[in-house]
Amino acid sequence: MPTTPYIMKQAAQTILDQQQHIMDTWQETVERLITASRNANKLALYDHLPDMIRDIADILIRFHGSEDMPQDEKYQEIVANSSEHGRHRSTSEGYTVDQIMHEYIIFHRTLTNTLRAHNTYNTDVADLLKYIIETAMLQSVAAFNNSLQQMQEKLMGTLAHDLRNPLSTTYSLLDLISDKRTGDNFEMLRLMAVRSVQKALKLTEQLLDSVTLRAGEGMMLTFAETDIVKEVQAVHEEACQIYTQKIVLECPEGEIIGVIDGVAIRRLLENLLTNAIKYGDINQTITIKVEDSDEQVHLGVHNYGNPIPIERQQMIFNFLNHDSKKSDRERQSWGMGLTLIRVVTESHGGKVSLNSNAEQGTQFIITLSKENKPGKRRTRVFEKEPIPA
């Protein structure tokens, strides 16, 4: 009978020789049995499977047991890849913990059946594979759950942050009205207070809709036929009343009608303006620009000041931004508002473009489709990289 080291090496060689067969069999089975996988990008579905297969083969060659494995470099790579797998699945629509576990079970069975078919499978190989894959499964599930929790915390944190603004504005306006020194401004202040309360109510509704979140999901939006110009003008008017910095609106005359979520588009612009004021040159003008086209509308916000570093531009919109070089406050500052912008834009069939340098300043351009389907639906969360212009 062959020795354990010999069988381990033969099993490793079989796995390497049959890597493509293992991957193809796994993918075919996953797509047939796991519903959520059919929504995933074909390349993303493979995820880190090739690296995991090679790492398992390397471990089989070198190990006869699992006692010292936790300190092994290849084992740590499997753990890291499994965590990334779970994190990715949290952004893929429809995935659940059960389906992630099912993916690993299918992988385990595919490996086992391949090894048996080539007579390179025994109890020692079985024990080692079981140890590795069970650990990988646990890591993936934990990362999946943690990522969902982070998404929900970020989403609700963004909503709560934006809710504070209209409530603070309403409080200040009511204080002015009660002061009985408003004179001819009373009606204007009253209308501003009413609009702020209406906005707070809409945000509260979105906050309640966000209490339950599933993989790949974001906030609830309500699409309806809306005058986009009117929404932008309202944001500009309110910003001019709140901030001392000069804010210019360049907008065509007349209406621009589109099927959009007006509240979400206002929040999108408000977050862009907040960043422009916070990070821009206080002595320079901020410009909001609206351009119309046949099926799309383009919304731009431009400011001068310190540019966004080029390395940050590639990851600044990510929902789960793991930049360890930045403080929690910096990650929250960048991540919350710009994540909202990205998710809202993509839910409107659009895209975000970013230009930022010391000479020309920083400009965000939001391209939105005007031909969306009316009604309520949740946004989707994607982990793809945006492409700056």
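In this predicted model, strands S6 (residues 351–357) and S7 (residues 361–369) run antiparallel to each other and are paired over 7 bridges. The connection from S6 to S7 is a hairpin of 3 residues. Within this pairing, Lys351 has Thr367 of S7 as its bridge partner.

S7 also pairs with strand S5 (residues 296–303), again in the antiparallel sense, here over 8 bridges. Leu299 is found opposite Ile366 of S7.

These pairings belong to an open sheet of 5 strands, in which the order is S2-S4-S5-S7-S6 and the pairing is mixed. The edge positions are held by S2 (247–250) and S6; each has a single partner strand, so one side of each has no neighbour in the sheet. From one strand to the next, the twist averages 10°. In a regular strand, side chains alternate between the two faces of the sheet.

Two helices are placed against this sheet. Helix H9 (residues 228–242) lies across S2, S4 (286–292) and S5, and its direction is at about 165° to that of S2. Helix H10 (residues 262–279) packs on the sheet as well, where it touches S2, S4, S5 and S7. The direction of H10 makes about 20° with that of S5.

Another helix, H6, covers residues 97–117. Does its length fit what is expected, and what are the two values to compare? At 1.5 Å a residue, the 21 residues of H6 should span 30 Å, and the C-alpha atoms at its ends are 30 Å apart, so the two values agree. Among the buried residues of H6 are Gln99, Ile100, Glu103, Tyr104, Ile106 and Phe107. Further along H6, Thr110, Leu111, Thr112, Thr114 and Leu115 are buried too. An α-helix has 3.6 residues a turn, so residues three or four places apart point the same way. After H6 comes Asn119, with a positive phi near 55°.

The last topic is the cysteines. A disulfide is a covalent bond between the sulfur atoms of two cysteines. A search of the whole structure finds 0 disulfides. Cys240 has a relative accessible area of 35%, and because this value falls between the limits of 20% for buried and 50% for exposed, Cys240 is classed as partly exposed. Cys251 is also partly exposed, at 26% relative accessibility.

Key: Residues numbered from 1 in each chain as written. Predicted model: local features only at pLDDT ≥ 70, side-chain atom pairs only at ≥ 80, totals over all residues. Heavy atoms only, no water. Pairing = 2+ DSSP bridges. Helix = DSSP H or I, 4+ residues; strand = E, 2+ residues; numbered from the N terminus. Axes fitted to C-alpha atoms, helices over the stretch in contact; angles between N-to-C directions. Contact = heavy atoms within 4.5 Å. Expected span 1.5 Å × (residues − 1). Buried < 20%, exposed > 50% of the residue type's maximum accessible area, 1.4 Å probe, protein only. Disulfide = S-S within 2.5 Å.
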